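Student: Could you take me through this model, with the two chains and the way they meet as our topic?
Tutor: Gladly; let us look at it together and go question by question.

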Amino acid sequence: MKVLVTVKEVAEVDDEFEISGLDIAEGSLEYDLNEWDDYAVEEAVQISEATEDIEVVTVTIGPERAEETVRMALAKGADRAIRVWDDALAEAQFLDIGTKADIIAAVAEAEDPDLVLSGVQASDDSNGATGVALAKRLGFEWAAVVNDLELDAGAGIASVHRELEGGIEELTDVDLPAVLTIQTGINEPRYASLRGIRQAQRKPLETESLDDIGLDASVVESPIERTSMYEPETESDAVVWDGNADETAGELAELLREKGVVEG
Amino acid sequence: MTVLAVAEHRRGDLRDISFELITAGRELAADFDTDLAVAVIAGDIEGFADKLNREGVDTIYTVDNGEEFNHGVYAEAVEQLCAELDPTALLLPNSVNGLDYAPAVAGSLNLPLVTDVVGIEGGGTVEVVREQYGGKVETTYEVDSERCVLTIRGAEWPPAESTGDASIEAAEIDIDEGSLGATVNGFEEVGSGDVDITDADVLVSVGRGIGEEDNIPIIEELADALGATLSSSRPIVDNGWLPQNRQVGQSGKVVTPDVYIAVGISGAVQHVAGMKGADTIVAINSDPNAPIYDIADYGIVDDLFEVVPRLIEEFGGQAPEI
């Protein structure tokens, strides 16, 4: 059995940042493994640890820099990694949901997994849609926002809890093969051990171009064009107290007394 | 040509986003000088159709199939309605269920999809506004396509209110039950427990800024000193540092206390959805650009580990050693 995990290296923006053209200036960004994908990797590794003969393969779309993030997933227990990159991807303004799903679908078709785990969303783009779009392209079943997973590979069913709004979970059986989008909190992602980090250096990490996966540059074409990026007007009309911690704490204490939260 | 919005309901009740979709839909329909159609799928479709009959809705299509959301049924029904109505824009909720079928519909119909939209303008091409990088920036996109699928964020448009005069039609939708690959077996309520944070008059709420589990006691001490109840944002519960019944936000509890003190909480949209109804909101966060300050009434831009111990002392307590 094979589990494919989609992994994204996300950009995190410094508290103080600058916008350059239609994106955040490179100097204001730091890169890390997407938080949701960390949970998806952990879920896949736990499945592989609980069952014989399961291969965990990660797939990522990203530049060479992303290999550090991919190695982290390998260090946590994934067996093998594929990174798709290409000049056409590097030159694109941004990759829309359809483009990402097309690229990952091309890899998934070659890999033929039984289960695909993807994070609910990436913290930078917050599309929350690539996993289900991928399922549709593969002709797989799917479930979005999964926070509990029991796999019955023999019966070909994944029993999941989908985390709805307001503290309600939907209990659903999903036919395999399937794409599940994994919510934070489903497990406790491990830290990579030193041994894991050493082993990760020897695990296969293949780089594929669009041509290698049977696509061409037209996959990046999109009817959706980014036309501006700006800092939202601050809507804040908060009273922000100045001063050192003694002074600001004193102001807040006075407010809480006025509001009758505490006496005296 | 038309604009088609699809309502959302759960366990017998229409969700608020349904009425916000009507507002967004009728604005967009006006931009294109076209009609607004609303579809309601499964459950008490007649009762729902009556409630969805708000000003600006031209036609309500009902699809009678089962009681609750099933993404296979929704996707198939919406695709068949689109084939019939050929909408210029399909508006869906950016909810957990909306995101469980919108990408499938867009994929099937080969339409561009933009999710979590907070602003839309139509007319020529559709222009949308989104937030990115955790709300630190807004971006605008032009969708150069005759048709598109958009999911809209909750609470960005006001709900449609006054009664309308829509015609209500039962849509003839043919769904092959054998093709459905997901079966919904039921629901479970989570996060009940000994404490009900929705009852509290004063909440002290802790977020990611607390750094590690060992630091939680100083927030507990603050809550004790104020006679307040302790709550938290999502990452604290994800990490297992506090039980789920303490979680405020979209996936947790919606709270409306007199005073809400957010400590080390950035104010992600999912969190704000759960606490924006508080009378007085106080934020303690070292990042002056954190979105929590957009809704806070009072703020202290400083290190919480400096401020909270002083505050505890103000009320005669002693900050625990951490």
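**Where the two chains meet**

Tutor: In this predicted model, 70 residues of chain B are in contact with 67 residues of chain A.

Student: Which element gives the most to the side of chain B that touches chain A?
Tutor: The side in question belongs to chain B, of which 70 residues are in contact with chain A. With 8 residues, the element that contributes the most to that side is S12(B).

Student: How do the residues of that side of chain B divide into nonpolar, polar and charged?
Tutor: Glycine is counted among the polar residues in this division. For the side of chain B that touches chain A, the division comes to 30 nonpolar, 22 polar and 18 charged.

Student: Which strands stand at the edges of the open sheet that begins with S14(A), and why is one side of each left without a neighbour?
Tutor: This open sheet has 10 strands with mixed pairing, in the order S14(A)-S9(B)-S8(B)-S7(B)-S10(B)-S6(B)-S1(B)-S4(B)-S5(B)-S11(B). A strand at the edge has a single partner strand, so one side of it has no neighbour in the sheet. The two strands in that position are S14 (224–230) of chain A and S11 (167–170) of chain B.

Student: What does the twist average from one strand to the next in that sheet?
Tutor: The value is an average taken from each strand to the next, along the order that runs from S14(A) to S11(B). It comes to 35 degrees.

Student: Within that sheet, which residue is the bridge partner of Ala37(B)?
Tutor: Strand S4 (residues 35–41) of chain B runs parallel to strand S5 (residues 59–63) of chain B, and 5 bridges join them. In S5(B), the partner of Ala37(B) is Thr59(B).

Student: Which are the edge strands of the open sheet that begins with S13(A)?
Tutor: The order here is S13(A)-S7(A)-S6(A)-S1(A)-S8(A)-S12(A)-S9(A)-S10(A)-S11(A)-S12(B), an open sheet of 10 strands with mixed pairing. Each edge strand pairs on one side only, and the two are S13 (205–208) of chain A and S12 (182–189) of chain B.

Student: What angle does the direction of helix H2 of chain A make with that of S7(A)?
Tutor: Helix H2 (residues 67–75) of chain A packs on this sheet, where it touches strand S6 (55–61), strand S7 (80–84) and S13 of chain A. Taken between N-to-C directions, the angle of H2 of chain A with S7(A) is about 160 degrees.

Student: Which residue of S12(A) does Leu115(A) stand opposite?
Tutor: Strand S8 (residues 115–119) of chain A and strand S12 (residues 178–182) of chain A run parallel and are joined by 5 bridges. Helix H5 (residues 130–138) of chain A lies across S8, strand S9 (141–152) and S12 of chain A, running at about 180 degrees to S12(A). The residue opposite Leu115(A) is Ala178(A).

Student: Which residue of S17(B) stands opposite Val240(A)?
Tutor: Strand S15 (residues 239–240) of chain A pairs with strand S17 (residues 298–300) of chain B in the parallel sense, over 2 bridges. Opposite Val240(A) in S17(B) stands Gly299(B).

Student: What share of the residues of chain B count as buried?
Tutor: A residue is buried if 20 or more other C-beta atoms lie within 10 Å of its own. In chain A, with 264 residues, the share is 48%. For the 322 residues of chain B, it is 54%.

Notes
Residues are numbered from 1 along each chain as its sequence is written. Chains are lettered from A and ligands numbered from 1 in the order in which they are written. This is a predicted model: local features need pLDDT of at least 70, side-chain atom pairs count only at pLDDT 80 or more; totals for chains, interfaces and linings use all residues. A residue is buried if 20 or more other C-beta atoms lie within 10 Å of its own, exposed if 12 or fewer, and partly exposed in between; C-beta atoms are placed from the backbone. Two strands pair if DSSP finds at least two bridges between them. Helices (H or I, at least four residues) and strands (E, at least two) are DSSP runs, numbered from the N terminus. Axes are lines fitted to C-alpha atoms, for helices over the stretch in contact, and angles run from 0 to 180 degrees between N-to-C directions. Two residues are in contact if their C-beta atoms, placed from the backbone, lie within 7 Å.
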